[in-house]
Amino acid sequence: LDIATAETFDIILANINRHILLKHMPQLYSQLNSGGHILMSGLLKEDEQIIVDAATAAGLRMLNANVLNNWIAVLFIK
C-alpha cells in the first residue's frame, strides 16, 4: 500500500491478517474504484464479523463469503 498510494484499482486482492486489513481499511476503500471489488482472505472464521463491520463502516458492501477449514474469503464491492 505504501508504494501504490496514488493509484486506484478495479480489483484488490488482500490476503493478509485482519489487523493489517483493519488498519488500512480506509485506504483500501479510497484506492478502490467505484463498482470495484475487493477480496479479503487469509482470515479466520471468527474474524468475519469484525471485517464485515469495518468494511461496511468504510462504505463497502459484502457480496459473498466462503469458508474452508476455518479460513474465510470475503468479497466486497464499492
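**Why those labels? Loop, sheet and helices**

User: Why does Asn 70 count as partly exposed?

Analyst: Its relative accessibility is 38%. Buried means under 20% relative accessible area, exposed means over 50%, and partly exposed is what lies in between, using a 1.4 Å probe and protein chains only. So 38% puts Asn 70 in the middle class. A word on the model: it is predicted, so local features need pLDDT of at least 70 and side-chain atom pairs count only at pLDDT 80 or more, while totals for chains, interfaces and linings use all residues. Residues are numbered from 1 along each chain as its sequence is written, and side-chain values use heavy atoms, with hydrogens and water left out.

User: What makes Asn 69 exposed?

Analyst: Asn 69 has a relative accessible area of 66%, so it clears the exposed cut-off. Asn 69 sits in the loop between β3 and β4, and Asn 70 lies in that loop too. Strands here are DSSP runs of E with at least two residues, helices are runs of H or I with at least four, and both are numbered from the N terminus.

User: What is notable about phi at Asn 69?

Analyst: Phi of Asn 69 is positive, about 55°, although the residue is not a glycine. Asn 70 also has a positive phi, near 75°, and isn't a glycine either. Asn 69 is in the turn of the hairpin that β3 and β4 form, with 2 residues between the strands.

User: How do you know that β3 and β4 pair?

Analyst: Two strands pair if DSSP finds at least two bridges between them. Here 7 bridges join β3 to β4, so the pair qualifies, and the strands run antiparallel. Val 67 stands opposite Ile 72 in β4.

User: Why is the pairing in the sheet called mixed?

Analyst: The 4 strands form an open sheet in the order β1-β2-β4-β3. β1 and β2 run parallel, joined by 6 bridges, whereas β2 and β4 run antiparallel, joined by 7. Asn 15 has Ser 41 in β2 as its bridge partner, and Met 40 stands opposite Val 74 in β4.

User: What makes β4 largely enclosed by the rest of the structure?

Analyst: 5 of the 7 residues of β4 are buried, so the strand earns that description.

User: How do you know that the buried residues of α2 are on the same side?

Analyst: The buried residues of α2 (residues 48-58) are Glu 48, Ile 51, Val 52 and Ala 55. They cover an arc of only 100° around the axis, so they share one side of α2. That arc is taken from the directions from the helix axis to the C-beta atoms. These residues pack against α1 (18-30), β2 (32-44), β3 (61-68) and β4 (71-77), and contact means heavy atoms within 4.5 Å. Just after α2, Gly 59 takes a positive phi of about 115°.

User: Why is Lys 78 said to sit over the ring of Tyr 29?

Analyst: The rule wants NZ of Lys or CZ of Arg within 6 Å of the ring centre and within 35 degrees of the ring normal. The charged end of Lys 78 is 4.2 Å from the centre of the Tyr 29 ring, so it passes on distance. Lys 78 also touches Gly 35, as does Ile 77.

User: What makes Gly 35 partly exposed?

Analyst: Gly 35, which lies in strand β2, has a relative accessible area of 37%, so the middle class applies.

Technical notes. Lists of a residue's contacts leave out its neighbours within four places in sequence.
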